[in-house]
Every structure is written in C-alpha cells, then in structure tokens.
Amino acid sequence: MDATQTLSVFFYGLLALFLVGTMLSGFFQVRTAEAVIIQRMGKFLRVANAGINFKLPWLDQIAARIDLRVQQLALDVETKTKDNVFVKIPVSVQYHVIPEKVYEAFYKLANPRQQISSYVFNVILGHVPKMILDDAFLQQSDIAVAIKQGLDDVMKTYGYAIDQALVTDIEPD
C-alpha cells in the first residue's frame with residue numbers, strides 16, 4: 001500500500017466515523033412525564049413524547065423539555081380586611097401542563113408562575129377586603145374555590161390545568 005492509498009483509507013474511515021456519529025446524534029430520549037419541543041431551523045416542528053425519538057441532525061434541535069408533573073406554587077398574600085385588620089394569607093396552587101397542550105404552554109406563556117401569582121393576588125384582593133376578619137376565617141374554603149375557578153378558566157388557554165388551590169391559614173397581623 002502506498003501513501004496515497006493509506007491517506008484515502010484514513011480519509012474514508014474518518015468520513016464513515018463522522019457519518020455514523022451524525023446519525024447517532026439524531027437519537028434522543030424523552031423521560032416519562034416529560035415532553036420535548038422540537039424545532040427545525042427555529043420553527044416549531046413537533047412535540048416528542050416519552051421514549052426514544054429521532055430528529056434530523058444539523059436541522060432539528062431540542063428547543064425545550066417540558067415537565068408534565070404536578071408543580072406547586074406557594075404564595076403569601078398580605079391584605080386588609082373590612083374591619084382594618086392586616087392579614088397574611090398563605091396560598092398553595094398545584095398545577096400541571098396539559099399533555100395535549102404542550103405547544104401552548106411553551107409558546108404562549110413565558111412565566112406561568114408569575115401569571116398564576118397575579119391571578120391569586122387579584123382574586124384575594126377582590127374578596128378579602130370586603131369581609132371582616134371572622135368571615136375571612138369562616139370562608140377560607142370559599143376563597144380557595146374562587147381562586148381555583150378563576151385560574152382554571154384563564155390558564156387552560158395557556159395549556160395549564162389547576163389541580164388544587166389551598167388557603168391553608170389566615171394569619172392576623
């Protein structure tokens with residue numbers, strides 16, 4: 001074997017290694033309770049679900065991994081009741097991404113935690129200042145139901161479902 005043949009064998013071997021590596025880089029894994037947004041050259045292509053998936057190397061990329069598990073947001077809302085008592089109301093909201101609406105969850109809403117927080121503050125500040133302190137204690141579950149109903153309608157358009165909204169306590173100042 002002369003130098004030219006050795007060089008061409010080396011070149012073809014390197015090319016074959018590159019092609020095999022490129023093809024294998026197209027395979028990716030999606031874990032259970034997760035969805036992956038695939039984009040082709042910056043444009044939405046599809047949502048990949050759990051298991052082994054394939055994307056075209058060099059053209060497709062993973063834009064995001066979306067967690068489909070239930071998440072919890074804990075908030076402390078401070079407000080004043082009708083009888084001028086300042087109260088701190090701890091609220092916990094449990095939510096998750098709707099698997100059929102992963103596209104909406106990723107592209108329509110930049111910060112779901114901030115959006116949920118805004119609606120919780122809005123509902124509480126709309127209800128509690130109209131009540132005296134004793135009524136606020138008695139109507140904790142009504143406040144939680146109002147939060148859940150208000151969030152359910154709004155967050156569905158963004159691909160999120162609200163599982164629970166809990167008002168755990170009302171703490172006077």
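User: Before we start, how do you define buried, exposed and partly exposed here?

Analyst: Buried is under 20% relative accessible area, exposed is over 50%, and partly exposed is in between (1.4 Å probe, protein chains only). This is a predicted model, where local features need pLDDT of at least 70, side-chain atom pairs count only at pLDDT 80 or more, and totals for chains, interfaces and linings use all residues. Residues are numbered from 1 along each chain as its sequence is written, and side-chain values use heavy atoms, with hydrogens and water left out.

User: Why is Val145 called partly exposed?

Analyst: Its relative accessible area is 44%, and partly exposed sits between under 20% and over 50%, so the label fits Val145.

User: And what makes His96 buried?

Analyst: His96 comes out at 19%; the cut-off is under 20%, so His96 counts as buried.

User: What makes the His96 and Asp163 pair a polar contact?

Analyst: Their side chains are 3.0 Å apart. A polar contact needs a pair of N or O atoms within 3.5 Å; within protein, one must be able to donate a hydrogen and the other to accept it, and residues adjacent in sequence count only if both atoms are side-chain atoms. At 3.0 Å, the His96–Asp163 pair is therefore inside the distance limit.

User: Which residues does His96 touch?

Analyst: Leaving out residues up to four places away in sequence, His96 touches Leu68, Arg69, Val70, Gly159, Tyr160, Ala161 and Asp163. Contact means heavy atoms within 4.5 Å.

User: What does Ile116 touch?

Analyst: With that sequence exclusion, Leu73, Val93, Tyr95, Leu151, Met155 and Ile162.
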